[in-house]
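Trainee: Please take one part of this model and go through it closely. I would like to see how the helices there meet and which aromatic rings pair.

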Amino acid sequence: GAVGSGGSTPVHYFELDQLYVASGAPVRKRLAVMEAHRNETLARDDATVAYAGLLTIGERPGDAIALLRGRVFNIWEGGVRFSAGDAWTNAHLARGRQHLAAGRSREALADFRSALEFPDHLRADRREGTGGRTAEVAYWTGMAAQARGNRAAAFAAWRCARSTCTPVGTT
């Protein structure tokens, strides 16, 4: 195909990754292609979000956050094939869980709080209620609060997880 012949364009790397997803290719292989063609990958919003997702799955969520933090995403007319907001949330949740597992509850809490706080340059909408990730973020916020010894904040966050309110004040 175009990628193998050297006549590829940035869209080819996104489309190749979609073929890899469909065929069940390992994350390691998919990530290697994106990294080998980083400049081309970063030339498109959809490929950048796919790359960030692979970094997150590949246990490098900090790299994914840095990638997303450093780019202004475009709003596409007629729908999009990616969600920078979902990539942001996934990366912060993954890095927060890494921090929590390593006993760094303060850092974990900061990541969980950031999971739904989208910077303007992502151009992502915060979805509340059943369409959003509020309950998942609230659960992990409660886990971090509990790890910090703040049972009241943990229970408040877990109540939010059940009712989809936004956890606040969980120090």
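Mentor: The model is predicted, and a good part to look at is helix α9, starting with its contact with α10. On the α9 side, the residues in this contact are Ala 135, Ala 138, Tyr 139, Thr 141, Gly 142, Met 143, Ala 145 and Gln 146. They meet Ala 153, Ala 154, Ala 157, Trp 158, Cys 160 and Ala 161 of α10. By class, the residues of this contact divide into eleven nonpolar and three polar, with no charged residue. The axes of α9 and α10, the latter spanning residues 151–163, come within 8 Å and cross at roughly 170°. An angle over 145 degrees counts as roughly antiparallel, and the two helices are therefore roughly antiparallel to each other.

Helix α9 also takes part in covering α8. The buried residues of α8, which runs over residues 105–114, are Ser 105, Ala 108, Leu 109, Asp 111 and Phe 112. Viewed down the α8 axis, these buried residues fall within an arc of 165°, so they line one face of the helix. Among the elements that cover them are α6 (61–69), α7 (84–101) and α9 (134–147).

The aromatic rings give a further link between α8 and α9. The count of aromatic pairs comes to three. One of them joins Phe 112 and Trp 140; this pair is tilted, at 6.0 Å centre to centre and with 35° between the planes. Phe 112 belongs to helix α8 and Trp 140 to helix α9, 28 residues apart, and the pair thus links distant parts of the chain. Trp 140 also pairs with Tyr 139: the ring centres are 5.1 Å apart and the planes stand at 80°, so this pair is edge-to-face. Through these ring pairs, Phe 112, Tyr 139 and Trp 140 are linked into a cluster.

Exposure varies within that cluster. Phe 112 has 0% relative accessibility and counts as buried, whereas Tyr 139 is partly exposed, with a relative accessible area of 36%. Tyr 139 is also one of the α9 residues that meet α10, while Phe 112 is one of the buried residues of α8.

As for the setting, the chain has ten helices and zero strands. Of its 171 residues, 40% count as buried. Among contacts with a separation of 6 or more, 55% are between residues 24 or more positions apart.

Key. Residues are numbered from 1 along each chain as its sequence is written. This is a predicted model: local features need pLDDT of at least 70, side-chain atom pairs count only at pLDDT 80 or more; totals for chains, interfaces and linings use all residues. Side-chain values use heavy atoms; hydrogens and water are left out. Buried means under 20% relative accessible area, exposed over 50%, partly exposed in between (1.4 Å probe, protein chains only). Helices (H or I, at least four residues) and strands (E, at least two) are DSSP runs, numbered from the N terminus. The arc is that of the directions from the helix axis to the C-beta atoms. Contact means heavy atoms within 4.5 Å. Axes are lines fitted to C-alpha atoms, for helices over the stretch in contact, and angles run from 0 to 180 degrees between N-to-C directions. Angles under 35 degrees count as roughly parallel, over 145 as roughly antiparallel, 65 to 115 as roughly perpendicular and the rest as oblique. Ala, Val, Leu, Ile, Met, Phe, Trp, Tyr, Cys and Pro count as nonpolar, Asp, Glu, Lys and Arg as charged, and the others, Gly among them, as polar. Rings of Phe, Tyr and Trp (its six-membered ring) pair if their centres lie within 6.5 Å; planes under 30 degrees apart count as stacked, over 60 as edge-to-face and the rest as tilted.
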